[in-house]
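Biologist: Please choose a single part of this model and go through it closely, giving the cut-offs behind each term as you come to it. After that, set it among the other features that you consider well enough defined to discuss.

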Amino acid sequence: MKNLNDMPAEEFRKSGYQLVDWITNYLKDIEQYPPLANVNPGDILKRIPQTPPTRGEDIENILADVDKILIDGITHWNHPGFMAYFNSTASSPGILAEFLTAALGVNGMLWKTSPAFTEMEKSMMNWFRQMVGLPENYWGIIYDTASTSSMHAIASAREQLNFGFREKGMAGRNDVPRLRMYCSEQAHSSIEKGAVTLGIGLEGVRKIPVNDKFELISAKLEEAINEDIKNGWKPFCVVATVGTTSTTSVDPVEEIAAICEKYNLWLHIDSAYAGVTAMIPEMKWITKGWERADSIVINPHKWMFTPMDLSIYFTRNPEILKRAFSLVPEYLKTQVDDEVTNLMDYGIQLGRRFRSLKLWFIIRYFGVDGLSARIKFHIEIAKEFAEWIDKHKDFERLAPVPFSTVCFRYNPGNKSEEELNKLNEKLLEAINSSGKIFLSHTKLNGRFVIRLTIGSIRHERRHIEEAWEIIKTMARDLTE
Ligand code: PLP
């Protein structure tokens with residue numbers, strides 16, 4: 001074996017250009033693929049050798065296998081026909097930043113392990129805080145996902161109780177009450193997962209009913225808190241969602257904040273999807289009461305054209321986070337620890353990817369105006385799509401549209417709820433097997449609902465018009 005180092009520089013240059021060519025063509029011609037992968041479980045697995053190669057292979061072969069082995073099994077989140085879930089898309093500046101992140105290969109666990117890392121993250125948190133209009137007393141940090149951000153919020157809320165959980169744990173103790181936290185029935189499952197992770201348990205999460213617009217009913221929240229206190233529970237945290245996953249409903253943050261202040265509870269706002277809209281003047285209403293929250297999560301990887309993954313966690317109280325998580329072994333001590341922020345102190349992970357580079361590239365390339373204009377267009381076109389649904393006699397909308405997600409179903413009349421559920425399930429299947437668009441579903445009050453989300457950087461008006469034609473045609477074909 002001759003070369004015991006990395007790939008030779010000129011080979012990297014050549015294959016790097018090849019890869020950039022591949023990515024350029026992929027994004028340019030993305031509409032030639034079906035948005036949803038059309039393979040069976042195990043199909044891709046069968047194409048990958050079961051044992052690793054003993055001898056190295058040419059990079060050209062590896063790159064060629066992306067097309068031969070992988071591409072059929074890719075669901076193309078970057079495809080403008082992808083209108084399912086909350087469609088996170090990768091913008092080109094974001095892709096370039098990812099490339100650079102991998103090349104720099106730094107691990108930002110300590111300020112010293114890459115000063116530019118920590119200071120870039122701090123600057124980007126400062127930029128983003130201003131973009132969404134949060135006051136200066138909010139401190140921000142980047143985690144991978146909203147699930148992780150919310151877990152850290154719940155951990156902070158738990159730490160604030162001063163029950164010595166960090167030292168003594170929670171199990172087997174009869175000197176502490178059982179903890180209870182609250183969120184609406186429409187809150188994301190990541191909140192319960194956070195509670196599971198932190199030993200709160202699913203029974204420690206009380207789901208509060210919602211009104212007919214799927215917003216948490218604050219009177220019910222207060223009732224639940226009082227009932228729990230009477231029964232010996234210790235309420236400690238409330239999660240309000242601004243942009244719920246199913247319908248994008250907005251919980252009444254100001255009313256919830258007043259309850260949290262009255263009962264001394266941590267208020268966490270989950271605005272993973274919708275939070276970015278706060279940068280648009282017309283959408284400022286969503287931030288009413290945010291300055292009273294202890295923590296807020298917003299995901300640029302959902303609706304700010306940031307390649308997976310990047311979630312922003314803001315808190316007014318980073319010291320609690322540090323108290324919960326800082327644990328410094330000898331080998332990680334540095335001489336500047338008193339002067340700098342070491343990001344490893346503020347969460348479960350030690351090693352950290354250089355994610356803030358993506359924000360630096362994306363915010364600078366598009367500018368706040370460019371990002372706002374794109375998001376605004378998505379909201380406008382979603383409202384237009386909602387109007388098409390409202391005007392069509394055989395379709396009905398099943399939730400308000402505050403952002404860019406529309407919940408609807410096909411209802412040609414004379415059918416029971418059960419028949420309508422079956423019909424809409426079939427319709428969604430037909431739509432998704434068209435190979436043109438990919439939509440997802442939810443259930444609201446027992447009804448099967450089709451969900452269309454607009455939020456891709458590649459969405460143009462024609463894509464939404466085309467989607468509407470496909471939906472109508474498929475629906476007609478099913479009932480004729
Ligand atoms: N919160 C809300 C409101 C969501 O809609 C989602 C996912 O769609 C999440 C949290 C979880 O996001 P992540 O995948 O970043 O953990």
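Modeller: Two strands count as paired if DSSP finds at least two bridges between them, and the elements themselves are DSSP runs numbered from the N terminus, helices being H or I with at least four residues and strands E with at least two. The model is predicted, so that local features need pLDDT of at least 70 and side-chain atom pairs count only at pLDDT 80 or more, whereas totals for chains, interfaces and linings use all residues. Residues are numbered from 1 along each chain as its sequence is written, and side-chain values use heavy atoms, with hydrogens and water left out.

The part I would choose is the pairing of strand β2 (residues 179–184) with strand β4 (residues 234–241), which run parallel and are joined by four bridges; within this pairing, Arg 180 has Pro 235 of β4 as its bridge partner. Both strands belong to an open sheet of seven strands with mixed pairing, in the order β1-β7-β6-β5-β4-β2-β3. At its edges are β1 (139–143) and β3 (205–208), each of which pairs on one side only. Neighbouring strands here are turned by 20° against each other on average, direction ignored, the angles being taken between N-to-C directions, from 0 to 180 degrees, of axes fitted as lines to C-alpha atoms.

A further open sheet has four strands, antiparallel pairing and the order β8-β9-β11-β10. Because β8 (395–397) and β10 (440–444) stand at the edges with a single partner strand each, one side of each is left without a neighbour in the sheet. In this sheet the average turn between neighbouring strands is 40°, direction again ignored. Strand β9 (residues 405–410) runs antiparallel to β11 (residues 447–453) and is joined to it by four bridges, with Thr 405 standing opposite Thr 453 in β11.

Turning to the ligand, 13 residues lie around it, and Ala 146, Ser 147, Thr 245, Asp 270 and Asn 299 come nearest, a residue being near if one of its heavy atoms lies within 4 Å. Among the polar contacts (here, pairs of N or O atoms within 3.5 Å), a ligand nitrogen is 2.7 Å from an N or O atom in the side chain of Asp 270. One ligand oxygen atom is 2.8 Å from a polar backbone atom of Ala 146, and a ligand oxygen atom is 3.2 Å from a side-chain N or O atom of Lys 302. On its own the ligand has 390 Å² of accessible area, of which the protein covers 86%; such areas come from the Shrake-Rupley method with a 1.4 Å probe.

Two backbone details deserve a careful check. The peptide bond from Met 308 to Asp 309 is cis, with omega near 5°, and Asp 309 lies in the loop between α11 (300–303) and β7 (311–315). Tyr 85, although not a glycine, has a positive phi of about 45°, and its place is the loop between α3 (59–70) and α4.

Key:
Polar contact = N/O pair within 3.5 Å; in protein donor to acceptor, adjacent residues only side chain to side chain.
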